[in-house]
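Thanks for coming, everyone. I have two spots to walk through this morning. Let me put the structure up.

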Amino acid sequence: KNYDRILFGSNHMYILVNPSNTEKSEGTPDNVDWEFAQKEIAQAKGFATGTGSGLTKDQARVQEQVLELLPMVSEGNAISEELNKHKSFEVILISAAAQGDGGNAGTKVTVKMKSLLNGNV
C-alpha cells in the first residue's frame, strides 16, 4: 500500500509512494520520517514509546539510549562480519547497584565487545 516502509540494514529506509493508489495502511500519518519509523520499529520490538508509557524518568532515559545504540551495534556487527574481524557487539545495562556507588547513578548503558576467536571481552 501507499507509504509502506522497507528497512534495509540499520540505515536505509525506503517509503513506497504509489501515485495511482493513494490508500494508506492503517495508522500511517501523512508525513513518515526517520523518527516515526524508528518509533514504529521500537514498538514492534516491544519497547514502550511516547508519553503515558508508564516508565520512570530513569527507565525512559535508558530506553532512549538503548534505542539510539541498537542500530549502531547492528551496523558494527555487520561491518565486523563483512571484514572478518571476529568481533561481536552487544548492548549491556549496568544497574546502579552493580556500579557500587550506592545506587545514585542510575542504570548505565554500555556496549560490550567480545572476541569470537577466544571469547575475551
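**A surface patch and a buried serine**

Start on the surface. I6, F8 and Y14 make a nonpolar patch of about 330 Å². Keep in mind that this is a predicted model.

Take the three members in turn. I6 sits in strand β1, which covers residues 5-8. Its relative accessible area is 45%, so I6 is partly exposed. F8 comes out at 48% relative accessibility, and that makes F8 partly exposed. Y14 has a relative accessible area of 47%, so Y14 is partly exposed too.

Now the rings. How many aromatic pairs does a search of the whole structure find? Just 1. The pair is F8 and Y14, with ring centres 5.7 Å apart. Their planes stand at 70°, and over 60 degrees counts as edge-to-face, so edge-to-face is what we call this pair.

Second spot: S115. This serine belongs to strand β4, residues 108-115. Is S115 buried or exposed? Buried: its relative accessibility is 11%, and the cut-off for buried is under 20%.

What does the side chain of S115 reach? One partner is the backbone nitrogen of L117, at 3.3 Å. The S115 side chain also makes a polar contact with the side chain of N118, at 3.2 Å.

Then look further along the chain. Set aside the neighbours within four places in sequence, and S115 is in contact with H86, K87 and N120.

To recap: a nonpolar patch from I6, F8 and Y14, and a buried S115 whose side chain contacts the side chain of N118. That's it from me.

Conventions
Residues are numbered from 1 along each chain as its sequence is written. This is a predicted model: local features need pLDDT of at least 70, side-chain atom pairs count only at pLDDT 80 or more; totals for chains, interfaces and linings use all residues. Side-chain values use heavy atoms; hydrogens and water are left out. Patches are made of residues with over 30% relative accessible area and no salt bridge: like charges are joined within 9 Å, nonpolar side chains (Val, Leu, Ile, Met, Phe, Trp, Tyr) within 5 Å. Accessible areas come from the Shrake-Rupley method with a 1.4 Å probe; for residues, only the protein chains shown count as cover. A salt bridge is a side-chain nitrogen of Lys or Arg within 4 Å of a carboxyl oxygen of Asp or Glu. Helices (H or I, at least four residues) and strands (E, at least two) are DSSP runs, numbered from the N terminus. Buried means under 20% relative accessible area, exposed over 50%, partly exposed in between (1.4 Å probe, protein chains only). A polar contact is a pair of N or O atoms within 3.5 Å; within protein, one must be able to donate a hydrogen and the other to accept it, and residues adjacent in sequence count only if both atoms are side-chain atoms. Contact means heavy atoms within 4.5 Å. Rings of Phe, Tyr and Trp (its six-membered ring) pair if their centres lie within 6.5 Å; planes under 30 degrees apart count as stacked, over 60 as edge-to-face and the rest as tilted.
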